[in-house]
Amino acid sequence: ERLTRNEKVDGSIPSGGSCCKHISVVARVAFPHVNKPKPHSAGLAGLTFGALGVVFGDIGTSPIYALKESLTAAGTTVYDIMGVVSLLFWSLMIVVTLKYLVFVLRADNAGEGGILALFSLLPRRFRRPESKRDFGLFLLMLLGTALLFGDGLITPAISVLSATEGLGAINPELASFSVPLTVVVLAVLFSVQFKGTQSLGNIFGGVILVWFLTIGTLGLVASLERPEVFQALSPMYAIEYVAKDGWHTLIIMASVILAVTGAEALYADLGHFGKRPIRLGWFAIVAPSLVLCYLGQAAKMLENPENVESLFFSLAPNQVLKTLLVVIATLATVVASQALITGVASLARQASQLGLFPRLRVIHTSEDHRGQIYVPAINAVLGIGSIFLVLNFRTSSAMAHAYSFAIAGTMLVTTIAFGIVARTKWNWSRPAVALFVMVFGAFDLAFFLATVTKVIHGAWVPLLIAVGASYLMWVWRKGQVALSHALKRDRHDWQWLHDGVSGGEVVETESLGIFLSSDATSVPQAAVSQVQNLQAIPHRIIVVSVVTEDVPYSETKPVVTKLDHKVTRVEIFTGYMESPDVPRSLREVLLSREDEIAATYYLSDRKFVNGGAGELSGTSEQVFAFLHRNSATASQYFGLPEDRVIILTVQMDL
């Protein structure tokens with residue numbers, strides 16, 4: 001259970017644990033020397049180089065399929081080619097350059113970016129909604145977050161598959177090997193995630209740099225052969241194309257949006273590199289290479305309109321270069337997939353910390369880079385899902401519609417949320433906010449409506465994922481609220497415990513017991529269970545309350561309060577990007593190492609029964625119980641010693 005400031009929930013472990021020595025505490029702790037981000041030691045050039053491999057991998061591999069899919073939908077006349085390339089170019093300029101790099105990157109939460117950082121910047125009434133209007137935005141943010149999960153599942157599949165399809169451009173007889181090779185590449189990629197990618201960081205940056213230089217050079221050479229393609233950079237071609245084709249343009253926009261895939265990554269990876277390296281990388285390397293590559297492909301189409309299926313690989317003038325291009329493209333898509341895998345893992349951890357998702361087992365694969373994490377459950381879902389999509393769709397073209405829907409939905413949600421943050425947090429004027437939302441919202445809405453037309457052609461995949469993930473997050477949040485209310489109904493004050501001890505009904509043991517609870521004014525549920533079942537209680541009690549603040553890394557110092565001669569409360573604060581270590585934090589603020597090692601942690605293992613008397617019922621209660629039961633154990637999540645925990649089972653009706 002995730003706790004937020006002034007709204008905390010008792011600690012527990014997943015249902016199903018035995019009442020034996022084991023540890024799982026629901027408390028969160030911040031350690032400056034463990035969890036705080038280290039200052040960037042690399043210079044601007046080094047950070048920009050690193051950003052190439054992480055931030056721009058997704059959008060950098062879009063040229064493999066974006067223009068091909070757009071022209072397949074539009075047509076291959078000179079008018080179509082010039083109009084579509086113009087649409088694509090101005091989409092990059094408006095969405096990526098203007099919206100994200102100029103505006104959205106400003107919405108950082110203590111240096112961190114991404115849709116959940118934006119969520120944490122929203123006023124509390126939107127994050128803890130009570131009115132229907134506020135609840136609507138809350139659900140919209142859940143949907144945007146869920147769509148990013150879908151994006152992370154589809155990106156590895158379509159990226160790697162689009163690269164291996166280049167085998168057909170080399171030799172048509174090799175085309176049948178595309179799907180099997182993609183499955184093998186994805187299987188290997190996901191199976192090695194537990195080792196981490198720190199040692200491959202420089203290699204990744206190098207691969208993507210070579211990729212951008214390659215596609216930029218090939219595009220420049222091809223476009224110089226047909227210099228008239230540079231006229232497509234004029235906005236008039238895009239405007240005239242939209243004006244003439246009208247509603248049919250929506251069909252084309254569903255493919256044009258593929259050119260801006262990965263734009264959200266510019267924002268999500270803000271905390272890893274900072275604004276300047278991301279902006280420098282875009283303007284100095286990425287944007288010029290992408291534009292030249294698209295212009296080069298347009299030139300090839302003007303020469304041979306029948307070559308649309310292998311359009312990207314036609315940039316290579318001979319078989320040797322085509323082979324090298326396929327190899328480099330495959331490596332680049334693997335890098336892009338890796339960035340999305342790590343990004344989704346980080347997103348899932350943030351969702352868990354913000355109380356939108358159950359506890360997840362998080363393994364840090366690097367001591368130096370906080371973003372290098374491995375989440376086994378998320379990795380398994382992404383791996384199995386990506387391979388399933390490849391086997392089901394079998395071509396990147398068939399998968400493109402599913403991909404574009406996830407991107408369009410997330411971008412639209414980001415625009416709406418940014419407008420609210422700008423108005424409520426930065427005090428932008430109403431006209432300024434309205435102008436921002438109208439301009440970029442119109443663009444995003446056009447993309448979204450275009451992709452909605454593809455629901456029956458594959459967009460149902462991210463829609464199904466988004467609805468399912470949103471439902472799980474909604475049930476988890478609703479269950480947490482119901483659990484909090486149930487704990488308040490069953491609370492006992494400390495006088496009840498003291499009366500039991502003084503009356504001889506409860507025996508005090510000469511030991512130190514650590515209990516986790518959000519409310520130190522009442523007896524923790526684990527202590528109540530211990531009294532009721534064992535008629536005993538430790539002589540010395542520490543109640544730990546852990547609060548997740550709406551910042552990535554908390555600067556708030558722990559607070560130690562002596563409640564009475566027996567009970568001490570420790571309140572610890574943490575950010576939503578931090579990984580807790582309760583024992584270490586207690587040693588830093590209250591206990592000696594010897595005392596902490598001698599202490600025992602007492603936890604409640606909750607089993608939920610559907611008695612019909614609580615706030616949850618039917619499917620919602622069953623789903624919440626399933627999520628609670630299968631969430632990561634508190635000992636794994638909070639770094640607690642496995643051999644010093646006693647778990648007591650409590651049945652509850654939510």
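Two strands count as paired if DSSP finds at least two bridges between them. In this predicted model, strand 3, residues 507-516, and strand 7, residues 600-608, meet that condition, with 3 bridges in the parallel sense. One point of reference along this pair is Gly-513, which stands opposite Thr-600 of strand 7.

The pair belongs to an open sheet of 6 strands, whose order is 5-6-4-3-7-8 and whose pairing is mixed. At the edges are strand 5 (559-562) and strand 8 (645-652), each of which pairs on one side only. Direction ignored, neighbouring strands of the sheet are turned by 25° against each other on average.

From strand 3 the reader can step to strand 4. Strand 3 and strand 4 are parallel and share 8 bridges; here Leu-512 stands opposite Arg-540 of strand 4. On to strand 6: strand 4 and strand 6 also pair in the parallel sense, over 8 bridges, and Val-546 has Ile-572 of strand 6 opposite. Strand 4 is largely enclosed by the rest of the structure, because 11 of its 13 residues are buried.

The next step leads to the edge. Strand 5 and strand 6 run antiparallel and are joined by 4 bridges. Together strand 5 and strand 6 form a hairpin, with 4 residues between them. Within this hairpin, Val-560 has Val-570 in strand 6 as its bridge partner. As a general point about such elements, the side chains of a regular strand alternate between the two faces of the sheet.

A helix lies against this part of the sheet. Helix 22, residues 494-502, lies across strand 3, strand 4 (536-548) and strand 6 (567-574), and runs at about 165° to strand 4. Val-501 is one residue of helix 22. Is Val-501 buried, partly exposed or exposed? Its relative accessibility is 23%, so Val-501 counts as partly exposed; the buried class is for values under 20%. Leaving aside neighbours within four places in sequence, Val-501 is in contact with Val-506, Glu-508 and Ile-537. The C-alpha atoms of Val-501 and His-539 are 10.0 Å apart in space, while the two residues are 38 residues apart in sequence.

The next topic is internal space. The structure holds 8 cavities of 30 Å³ or more, and the largest has about 360 Å³ of space. Its lining consists of 25 residues; nearest the centre lie Leu-148, Ala-265, Ala-268, Gly-343 and Val-344. Which helices each supply at least two residues of this lining? They are helix 8 (132-164), helix 14 (263-268) and helix 17 (319-353). Helix 17 gives the most, with 8 residues. Sorted by class, the lining of the largest cavity has 10 nonpolar, 10 polar and 5 charged residues.

Helix 14 also contains Glu-264. Glu-264 counts as buried because its relative accessibility is 9%, and the limit for that class is under 20%. Apart from residues up to four places away in sequence, Glu-264 touches Tyr-100, Ile-115, Leu-148, Thr-410 and Thr-414. Among these, Leu-148 was named above as one of the residues nearest the centre of the largest cavity. Glu-264 and Val-96 are 168 residues apart in sequence, yet 8.8 Å separates their C-alpha atoms in space.

Helix 19, residues 396-424, includes Ser-396. With a relative accessible area of 1%, Ser-396 is buried. Not counting its neighbours within four places in sequence, Ser-396 is in contact with Lys-68, Glu-69, Ile-158, Leu-161, Ser-162 and Glu-165.

The loops on either side of helix 19 each hold a residue with an unusual backbone angle for its type. Most residues other than glycine have a negative phi. Arg-394 is not a glycine, but has a positive phi of about 70°. Arg-394 lies in the loop between helix 18 (376-393) and helix 19, and is partly exposed, with a relative accessible area of 45%. Asn-427, likewise not a glycine, has a positive phi of about 60°. Asn-427 sits in the loop that runs between helix 19 and helix 20 (430-452). At 63% relative accessibility, Asn-427 counts as exposed, a class that begins over 50%.

Notes. Residues are numbered from 1 along each chain as its sequence is written. This is a predicted model: local features need pLDDT of at least 70, side-chain atom pairs count only at pLDDT 80 or more; totals for chains, interfaces and linings use all residues. Side-chain values use heavy atoms; hydrogens and water are left out. Axes are lines fitted to C-alpha atoms, for helices over the stretch in contact, and angles run from 0 to 180 degrees between N-to-C directions. Contact means heavy atoms within 4.5 Å. On a 1 Å grid over the protein atoms alone, a cavity is a set of points where a 1.4 Å probe fits but cannot get out, and a pocket is an open set with protein on both sides within 12 Å along at least five of seven lines; lining residues have an atom within 4 Å of a point. Grid points are joined across faces, edges and corners, and a volume is the space filled by probe spheres set on the points. Ala, Val, Leu, Ile, Met, Phe, Trp, Tyr, Cys and Pro count as nonpolar, Asp, Glu, Lys and Arg as charged, and the others, Gly among them, as polar. Buried means under 20% relative accessible area, exposed over 50%, partly exposed in between (1.4 Å probe, protein chains only).
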